[in-house]
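Good morning, and thank you for making the time. I would like to walk you through one structure, strand by strand and loop by loop.

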Amino acid sequence: QVVVAGKHGLYTYDGHLAIPLTIDAPPSPFLASAIADHTRTRSIAISWLRGDMESSLSNYVSMGESGDIALPMVTDPTVTGVNIYATNVGGTDMQLAGKTSMVDVNFIITADHKLGMAAQFAHLSPMPTGKYLCYWRGRLITATANVIRFSEPLAYHLHDERHGFIQTSQRVTFIQPVENGLWVGQSDHVIFIQGTSPEDMTVSIKSAQAPVPNSAIQIPSNDIGEAAEGGSLVTVWLASNGYVAGSSAGQIIEYQAGRISNISAQSGTTVRFDRRLVTAVN
């Protein structure tokens with residue numbers, strides 16, 4: 001499928017329809033019956049389902065060891081079901097208490113209710129859209145202003161607001177992935193972000209030349225030769241001193257440095273054509 005970052009969110013496109021990729025977090029359930037014993041309580045939450053895809057959890061609500069839960073109205077027409085989660089009495093870990101259809105209005109939890117698998121998507125939120133979008137190591141990545149956000153691994157519709165982002169010193173002007181990291185354009189330089197997850201990534205400045213915004217393109221390393229350094233892809237962008245290639249190892253080659261200077265533009269679009277790179281700027 002094709003993933004598109006639009007103004008109002010992320011969408012998947014199959015050639016005919018654009019469908020939202022994310023599912024909004026549902027509102028909290030509420031209790032149709034009051035808490036009977038305040039010394040024996042548990043927490044409950046719900047998530048929405050779209051086929052096999054599950055949303056993040058709602059906010060938690062406290063209840064007694066048993067009770068009748070009133071489910072909120074489903075307003076998303078793509079939602080196909082509801083998961084209800086609960087903790088054990090006095091516990092903190094959410095576990096699956098049951099599933100209902102999107103039209104059910106309540107769910108009863110008993111004192112000896114059997115709980116199932118642990119909740120996978122607690123404390124997460126829908127993946128936000130952005131000005132830039134790419135795919136890297138099983139994650140979707142979006143960037144807006146100076147913030148780069150990462151989806152959860154293989155759960156492209158979900159985002160960890162606490163840990164799943166990196167802030168750069170300047171606004172992002174392009175972002176392109178290679179095997180071992182991300183090449184990111186800044187207002188007056190280019191950085192390379194390397195690592196396996198947002199928590200352990202390192203940021204290093206690789207070029208002091210100002211890149212032309214949006215001019216980066218991903219090309220096979222065989223077309224570059226010496227810049228391959230073990231990776232199958234390289235990133236090429238137009239800078240003030242000509243075309244620059246960034247390898248998967250984080251090294252750069254400035255092909256036209258010393259011969260070209262003072263290139264500047266507000267934006268550029270680069271394509272490969274007849275074994276050449278062509279960049280249209282404005």
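**A hairpin and its turn**

Let me begin with a single pair of residues: Phe-273 stands opposite Arg-276 in β27. I should say at once that the model before you is predicted.

The pair belongs to β26 and β27, two strands that run antiparallel and are joined by six bridges. Between the strands of this hairpin there are two residues, and Asp-274 there has a positive phi near 55 degrees. Arg-275, in the loop between β26 and β27 (276-281), likewise carries a positive phi, near 60 degrees, although it is a residue other than glycine. As background, most residues other than glycine have a negative phi. With a relative accessible area of 84%, Arg-275 is exposed.

**The loop before β26**

Moving back along the chain, we come to Ser-267, which lies in the loop between β25 (252-254) and β26 (268-273). What does Ser-267 contact, once its neighbours within four places in sequence are left aside? The list consists of Val-212, Pro-213, Asn-214, Ala-280, Val-281 and Asn-282. With one of these, Asn-214, the contact is also polar: the two side chains meet at 2.8 Å.

Asn-214 deserves a closer look in its own right. Asn-214 sits in the loop between β21 (202-207) and β22 (217-220). The polar contact of Ser-267 with Asn-214 therefore links two loops, one between β25 and β26 and one between β21 and β22, through side chains. Asn-214 is not a glycine, yet its phi is positive, at about 70 degrees. Its relative accessibility is 30%, so Asn-214 counts as partly exposed.

**Glu-254 in β25**

On the other side of that loop, Glu-254 is part of strand β25. Is Glu-254 buried, partly exposed or exposed? At a relative accessible area of 32%, the residue is partly exposed. Setting aside residues up to four places away in sequence, Glu-254 touches Ser-207, Gln-209, Asn-241, Tyr-243 and Val-244. Among these, Asn-241 is joined to Glu-254 by a polar contact between side chains, at 3.3 Å. For a sense of the spacing here, the C-alpha atoms of Glu-254 and Leu-238 are separated by 9.9 Å, the two residues being 16 apart along the chain.

**A covered strand: β19**

I turn next to strand β19, residues 181-185, where five of five residues are buried. Which residues lie on each side of β19? Gly-181, Trp-183 and Gly-185 are on one side, with Leu-182 and Val-184 on the other, and all of them are buried, so both faces of the strand are covered. In general, the side chains of a regular strand alternate between the two faces of the sheet.

β19 has antiparallel pairings with β18 and with β20. Strand β18 (residues 174-178) is joined to β19 by five bridges, in the antiparallel sense. Within that pairing, Ile-175 has Val-184 as its bridge partner, and the hairpin from β18 to β19 passes through two residues. Strand β20 (residues 190-194) also pairs with β19 in the antiparallel sense, over five bridges. Here Leu-182 stands opposite Ile-193, and the hairpin of β19 and β20 has four residues between the strands.

**An open sheet of three strands**

Earlier in the chain, three strands form an open sheet, in the order β4-β8-β11, with antiparallel pairing. β4 (30-31) and β11 (106-109) are the edge strands; each has a single partner, so one side of each is left without a neighbour in the sheet. Strand β8, residues 67-70, pairs with β11 over four bridges, and one of the bridged residues is Gly-67, whose partner in β11 is Ile-109.

**A nonpolar surface patch**

My last item concerns the surface. Which residues make a nonpolar patch of about 240 Å²? They are Val-2, Val-4 and Tyr-13. Val-4 belongs to strand β1, residues 2-6, and its relative accessibility of 37% places it among the partly exposed residues.

To close, I would ask you to keep two places in view as we go to discussion: strand β19, covered on both faces, and the side-chain contact of Ser-267 with Asn-214. Thank you.

Definitions and conventions. Residues numbered from 1 in each chain as written. Predicted model: local features only at pLDDT ≥ 70, side-chain atom pairs only at ≥ 80, totals over all residues. Heavy atoms only, no water. Pairing = 2+ DSSP bridges. Patch = residues over 30% accessible without salt bridge, like charges linked within 9 Å, V, L, I, M, F, W, Y side chains within 5 Å. Areas by Shrake-Rupley, 256 points an atom, 1.4 Å probe, with all protein chains shown as cover. Salt bridge = Lys/Arg side-chain N within 4 Å of Asp/Glu carboxyl O. Buried < 20%, exposed > 50% of the residue type's maximum accessible area, 1.4 Å probe, protein only. Polar contact = N/O pair within 3.5 Å; in protein donor to acceptor, adjacent residues only side chain to side chain. Contact = heavy atoms within 4.5 Å.
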